[in-house]
Amino acid sequence: MRLDVGAMPSGAPSSLLERIAALRREIAEAARAAGRPPASVALLGVTKAQPCAAVVAAIEAGLGDVGENYVQEARVKYAALPPVHKHFIGHVQTNKARAIVETFDVVQSVDRLEAGRAIGRAQRALGKRVRTLVQLNVSPTERFGVAPADASALAARLREEGLEVDGVMAIGPLTADRSAVVDAFRRAAQAFREVGGTTLSLGMSDDWREAVACGSTMVRLGTAIFGARP
Ligand SMILES: *Cc1c(COP(=O)(O)O)cnc(C)c1O
(Lines give C-alpha, C1' and ligand atoms only; values in the text may rest on other atoms or scores of the structure.)
Protein backbone atom coordinates (compact mmCIF):
# COMPACT_ATOMS: atom_id res chain seq x y z
CA MET A 1 0.00 0.00 0.00
CA ARG A 2 1.31 3.41 -0.91
CA LEU A 3 0.23 6.14 1.44
CA ASP A 4 1.28 9.69 0.81
CA VAL A 5 2.26 11.65 3.89
CA GLY A 6 2.85 15.31 4.61
CA ALA A 7 5.87 16.86 2.91
CA MET A 8 8.93 17.33 5.06
CA PRO A 9 10.70 20.69 5.23
CA SER A 10 13.93 19.01 4.16
CA GLY A 11 12.32 17.73 0.95
CA ALA A 12 12.21 14.13 2.23
CA PRO A 13 10.50 11.48 0.07
CA SER A 14 6.70 11.69 -0.02
CA SER A 15 5.87 8.01 0.52
CA LEU A 16 6.28 6.20 3.82
CA LEU A 17 8.17 3.38 2.14
CA GLU A 18 10.77 5.72 0.64
CA ARG A 19 10.97 7.84 3.77
CA ILE A 20 11.61 4.85 6.05
CA ALA A 21 14.18 3.44 3.63
CA ALA A 22 15.95 6.81 3.42
CA LEU A 23 15.99 7.18 7.22
CA ARG A 24 17.38 3.67 7.64
CA ARG A 25 20.21 4.51 5.23
CA GLU A 26 20.97 7.77 7.07
CA ILE A 27 20.89 6.05 10.47
CA ALA A 28 23.22 3.28 9.24
CA GLU A 29 25.54 5.93 7.82
CA ALA A 30 25.56 7.87 11.12
CA ALA A 31 26.33 4.64 13.02
CA ARG A 32 29.20 3.86 10.66
CA ALA A 33 30.53 7.40 11.06
CA ALA A 34 30.55 6.84 14.84
CA GLY A 35 32.56 3.64 14.39
CA ARG A 36 29.58 1.43 15.12
CA PRO A 37 28.01 -1.44 13.15
CA PRO A 38 25.46 0.02 10.69
CA ALA A 39 22.68 -2.28 11.97
CA SER A 40 23.25 -1.44 15.65
CA VAL A 41 20.54 1.26 15.80
CA ALA A 42 16.87 0.21 15.67
CA LEU A 43 14.18 2.51 14.31
CA LEU A 44 11.05 2.95 16.42
CA GLY A 45 8.17 4.76 14.71
CA VAL A 46 6.29 7.07 17.07
CA THR A 47 2.67 6.88 15.92
CA LYS A 48 1.00 9.34 18.31
CA ALA A 49 -1.70 11.42 16.60
CA GLN A 50 -1.27 9.42 13.38
CA PRO A 51 -4.18 7.50 11.87
CA CYS A 52 -4.26 3.71 11.98
CA ALA A 53 -3.87 3.50 8.18
CA ALA A 54 -0.51 5.30 8.39
CA VAL A 55 0.66 2.94 11.15
CA VAL A 56 -0.28 -0.13 9.11
CA ALA A 57 1.39 1.31 6.01
CA ALA A 58 4.59 1.96 7.97
CA ILE A 59 4.63 -1.61 9.30
CA GLU A 60 4.06 -2.94 5.77
CA ALA A 61 6.99 -0.75 4.73
CA GLY A 62 9.17 -2.71 7.17
CA LEU A 63 8.88 -0.84 10.47
CA GLY A 64 9.31 -3.40 13.27
CA ASP A 65 8.79 -1.21 16.32
CA VAL A 66 6.06 1.33 17.08
CA GLY A 67 5.49 3.59 20.08
CA GLU A 68 2.69 5.60 21.69
CA ASN A 69 2.46 7.99 24.64
CA TYR A 70 -1.18 7.47 25.60
CA VAL A 71 -2.57 4.04 26.43
CA GLN A 72 -6.16 4.91 25.48
CA GLU A 73 -5.08 6.03 22.02
CA ALA A 74 -2.89 2.96 21.56
CA ARG A 75 -5.54 0.47 22.67
CA VAL A 76 -7.77 1.47 19.78
CA LYS A 77 -5.05 2.00 17.20
CA TYR A 78 -2.92 -1.05 18.07
CA ALA A 79 -5.84 -3.48 18.46
CA ALA A 80 -5.39 -5.15 15.05
CA LEU A 81 -1.87 -4.50 13.75
CA PRO A 82 0.34 -6.82 11.75
CA PRO A 83 3.07 -8.37 13.99
CA VAL A 84 5.22 -5.59 15.49
CA HIS A 85 6.83 -4.66 18.81
CA LYS A 86 4.74 -2.10 20.70
CA HIS A 87 6.51 0.35 23.01
CA PHE A 88 4.92 2.57 25.66
CA ILE A 89 6.83 5.86 25.79
CA GLY A 90 4.45 8.02 27.85
CA HIS A 91 4.26 8.73 31.56
CA VAL A 92 3.34 5.62 33.59
CA GLN A 93 0.32 6.38 35.78
CA THR A 94 -0.08 3.57 38.30
CA ASN A 95 -3.84 3.29 37.66
CA LYS A 96 -3.11 2.63 33.96
CA ALA A 97 -0.48 -0.05 34.56
CA ARG A 98 -2.80 -2.94 33.74
CA ALA A 99 -3.90 -1.39 30.42
CA ILE A 100 -0.25 -0.62 29.61
CA VAL A 101 0.88 -4.22 30.20
CA GLU A 102 -2.10 -5.50 28.21
CA THR A 103 -1.37 -3.26 25.21
CA PHE A 104 2.43 -3.09 24.98
CA ASP A 105 5.49 -5.37 24.80
CA VAL A 106 8.00 -2.83 26.10
CA VAL A 107 7.53 -0.06 28.70
CA GLN A 108 10.29 2.50 28.10
CA SER A 109 9.26 4.98 30.75
CA VAL A 110 9.57 3.48 34.23
CA ASP A 111 10.92 6.42 36.23
CA ARG A 112 10.08 5.54 39.84
CA LEU A 113 9.61 2.53 42.07
CA GLU A 114 5.82 2.95 42.42
CA ALA A 115 5.39 2.80 38.64
CA GLY A 116 7.54 -0.33 38.48
CA ARG A 117 5.60 -1.99 41.29
CA ALA A 118 2.33 -1.29 39.47
CA ILE A 119 3.76 -2.80 36.27
CA GLY A 120 4.91 -5.83 38.28
CA ARG A 121 1.43 -6.32 39.81
CA ALA A 122 -0.19 -6.03 36.38
CA GLN A 123 2.25 -8.59 34.94
CA ARG A 124 1.37 -11.10 37.64
CA ALA A 125 -2.39 -10.48 37.30
CA LEU A 126 -2.28 -10.87 33.51
CA GLY A 127 0.33 -13.63 33.31
CA LYS A 128 2.24 -11.50 30.77
CA ARG A 129 5.74 -10.07 30.92
CA VAL A 130 6.96 -6.86 29.32
CA ARG A 131 10.48 -5.54 28.87
CA THR A 132 11.16 -2.27 30.66
CA LEU A 133 13.59 0.63 30.41
CA VAL A 134 14.37 3.17 33.11
CA GLN A 135 13.47 6.68 31.97
CA LEU A 136 16.18 9.19 32.79
CA ASN A 137 15.87 12.93 33.18
CA VAL A 138 18.77 14.62 31.39
CA SER A 139 16.96 17.80 30.48
CA PRO A 140 15.74 20.91 32.32
CA THR A 141 12.76 20.99 29.89
CA GLU A 142 11.52 17.52 30.93
CA ARG A 143 9.20 16.82 33.88
CA PHE A 144 9.68 13.07 34.21
CA GLY A 145 12.56 10.66 34.61
CA VAL A 146 15.00 9.65 37.34
CA ALA A 147 18.28 11.52 37.81
CA PRO A 148 21.07 9.63 35.99
CA ALA A 149 22.97 9.24 39.29
CA ASP A 150 19.98 7.37 40.79
CA ALA A 151 19.26 5.16 37.76
CA SER A 152 21.27 2.07 38.71
CA ALA A 153 19.81 1.99 42.24
CA LEU A 154 16.29 2.24 40.80
CA ALA A 155 17.06 -0.50 38.28
CA ALA A 156 18.26 -2.78 41.08
CA ARG A 157 15.05 -2.23 43.06
CA LEU A 158 12.91 -2.80 39.95
CA ARG A 159 14.74 -6.07 39.27
CA GLU A 160 14.04 -7.14 42.87
CA GLU A 161 10.36 -6.50 42.07
CA GLY A 162 10.63 -8.98 39.21
CA LEU A 163 10.88 -6.52 36.32
CA GLU A 164 13.06 -7.20 33.31
CA VAL A 165 15.08 -3.98 33.05
CA ASP A 166 16.84 -3.90 29.69
CA GLY A 167 18.35 -0.42 29.56
CA VAL A 168 17.38 3.23 29.67
CA MET A 169 15.39 5.83 27.74
CA ALA A 170 15.80 9.59 27.77
CA ILE A 171 14.36 12.65 26.04
CA GLY A 172 16.92 15.24 25.01
CA PRO A 173 16.71 18.91 25.96
CA LEU A 174 14.61 21.19 23.76
CA THR A 175 17.34 23.55 22.65
CA ALA A 176 19.19 24.65 19.54
CA ASP A 177 22.46 24.28 21.47
CA ARG A 178 23.89 21.08 19.98
CA SER A 179 26.62 20.79 22.63
CA ALA A 180 23.96 20.82 25.37
CA VAL A 181 22.20 17.97 23.55
CA VAL A 182 25.43 15.97 23.25
CA ASP A 183 26.23 16.61 26.91
CA ALA A 184 22.78 15.33 27.98
CA PHE A 185 23.10 12.24 25.76
CA ARG A 186 26.56 11.45 27.14
CA ARG A 187 25.11 11.47 30.65
CA ALA A 188 22.37 9.10 29.46
CA ALA A 189 24.96 6.78 27.88
CA GLN A 190 26.95 6.71 31.14
CA ALA A 191 23.79 5.80 33.12
CA PHE A 192 23.07 3.08 30.52
CA ARG A 193 26.47 1.51 31.22
CA GLU A 194 25.66 1.51 34.94
CA VAL A 195 22.14 0.07 34.52
CA GLY A 196 23.11 -2.59 31.96
CA GLY A 197 20.87 -4.23 29.36
CA THR A 198 20.73 -3.96 25.59
CA THR A 199 18.72 -0.82 24.83
CA LEU A 200 19.75 2.83 24.96
CA SER A 201 16.61 4.56 23.63
CA LEU A 202 17.81 8.00 22.68
CA GLY A 203 17.06 10.44 19.89
CA MET A 204 13.96 11.95 18.23
CA SER A 205 13.43 13.62 14.84
CA ASP A 206 15.47 16.71 15.75
CA ASP A 207 18.36 15.11 17.65
CA TRP A 208 18.79 11.49 16.50
CA ARG A 209 22.16 12.19 14.84
CA GLU A 210 23.66 13.37 18.13
CA ALA A 211 22.03 10.37 19.84
CA VAL A 212 23.59 7.85 17.44
CA ALA A 213 26.97 9.53 17.88
CA CYS A 214 26.54 9.08 21.67
CA GLY A 215 25.69 5.37 21.44
CA SER A 216 21.91 5.18 20.98
CA THR A 217 20.68 1.70 20.03
CA MET A 218 17.12 2.89 19.29
CA VAL A 219 15.93 6.18 17.85
CA ARG A 220 12.27 7.14 18.33
CA LEU A 221 11.09 9.03 15.26
CA GLY A 222 7.62 10.47 14.73
CA THR A 223 7.77 13.58 12.56
CA ALA A 224 10.70 12.36 10.44
CA ILE A 225 8.67 9.30 9.39
CA PHE A 226 5.07 10.47 9.32
CA GLY A 227 5.44 14.21 8.81
CA ALA A 228 4.04 16.88 11.10
CA ARG A 229 1.37 15.61 13.48
CA PRO A 230 -2.16 16.57 12.40
C1 LIG B 1 6.67 12.39 20.48
C2 LIG B 1 7.81 11.60 21.00
C3 LIG B 1 8.83 11.15 20.13
C4 LIG B 1 8.90 11.49 18.66
O5 LIG B 1 9.01 12.86 18.46
P6 LIG B 1 9.38 13.46 17.00
O7 LIG B 1 10.03 14.74 17.31
O8 LIG B 1 8.07 13.61 16.29
O9 LIG B 1 10.27 12.50 16.32
C10 LIG B 1 9.84 10.36 20.68
N11 LIG B 1 9.86 10.04 21.99
C12 LIG B 1 8.91 10.46 22.85
C13 LIG B 1 8.99 10.06 24.28
C14 LIG B 1 7.86 11.25 22.38
O15 LIG B 1 6.93 11.68 23.24
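## Starting in the sheet: β3 and β4

Let's jump in at one pair of strands. In this predicted model, strands β3 and β4 run parallel and are joined by two bridges. If you want a spot to look at, find F88, which sits opposite V107 in β4. How does the chain get from β3 to β4? It goes through helix α4 (residues 97-103), and this β-α-β crossover is right-handed.

## Stepping over to β2 and β1

Now go to the β2 side of β3. Strand β3 covers residues 85-88, and four bridges tie it to β2, again with the strands running parallel. Here D65 faces H85 of β3. Helix α3 goes with these two strands: β2, α3 and β3 form a right-handed β-α-β unit.

D65 turns up again when you look towards β1, as it is the bridge partner of L44. Strands β1 and β2 (residues 65-68) pair in the parallel sense, this time over three bridges. The link between them is helix α2 (residues 52-60), and the crossover from β1 to β2 is right-handed.

## β1 and its other partner

Strand β1 also pairs with β8 (residues 218-221): the two run parallel, with four bridges between them. Look for G45, which stands opposite L221 in β8.

Is β1 enclosed or open? Four of its five residues (42-46) are buried, so the rest of the structure largely encloses this strand.

## The β4, β5 and β6 side

Back at β4 (residues 106-110), let's head for β5. Three bridges join these parallel strands, and V107, the residue we met opposite F88, stands opposite T132 in β5. Together with helix α5 (residues 113-126), β4 and β5 make a right-handed β-α-β unit.

Which strand comes after that? β5 pairs with β6 (residues 164-170) in the parallel sense, over five bridges. T132 has V165 as its bridge partner in β6. To get from β5 to β6 the chain passes through helix α6 (residues 151-160), in a right-handed crossover. As for β5 itself (residues 131-136), five of its six residues are buried, so it is largely enclosed by the rest of the structure.

## The nonpolar core

Here's a handy background idea: in soluble globular proteins, nonpolar side chains tend to be buried together. The largest nonpolar core in this model holds 69 residues, and I119, V134, L136, L221 and I225 have the most contacts inside it. Which helix gives the largest share? That's α7 (residues 178-195), with nine residues.

L221 is a nice one to zoom in on. Leaving out residues up to four places away in sequence, it touches L43, L44, G45 and V46, among others. Its contacts also include L23 and I27, as well as G203, M204, S205 and W208.

## The largest pocket

What about empty space? Rolling a probe the size of a water molecule over the atoms shows where it is left. The largest pocket here has a volume of about 840 Å³. It is lined by 34 residues, and K48, N69, E142, I171 and M204 are the closest to its centre. M204 may ring a bell, since it is one of the residues that L221 touches.

Which elements help to build the lining? Helices α3 (71-77) and α7, along with strand β8, each supply at least two residues. You've met α7 already, as the source of the largest share of the core, and β8 as a parallel partner of β1.

Note on methods: Residues are numbered from 1 along each chain as its sequence is written. This is a predicted model: local features need pLDDT of at least 70, side-chain atom pairs count only at pLDDT 80 or more; totals for chains, interfaces and linings use all residues. Side-chain values use heavy atoms; hydrogens and water are left out. A nonpolar core is a set of buried Ala, Val, Leu, Ile, Met, Phe, Trp, Tyr and Cys residues joined through side-chain atoms within 4.5 Å. Buried means under 20% relative accessible area, exposed over 50%, partly exposed in between (1.4 Å probe, protein chains only). Contact means heavy atoms within 4.5 Å. Two strands pair if DSSP finds at least two bridges between them. A crossover is right-handed if, with the strands pointing away from the viewer, the path from the first strand over the helix to the second runs clockwise. On a 1 Å grid over the protein atoms alone, a cavity is a set of points where a 1.4 Å probe fits but cannot get out, and a pocket is an open set with protein on both sides within 12 Å along at least five of seven lines; lining residues have an atom within 4 Å of a point. Grid points are joined across faces, edges and corners, and a volume is the space filled by probe spheres set on the points.
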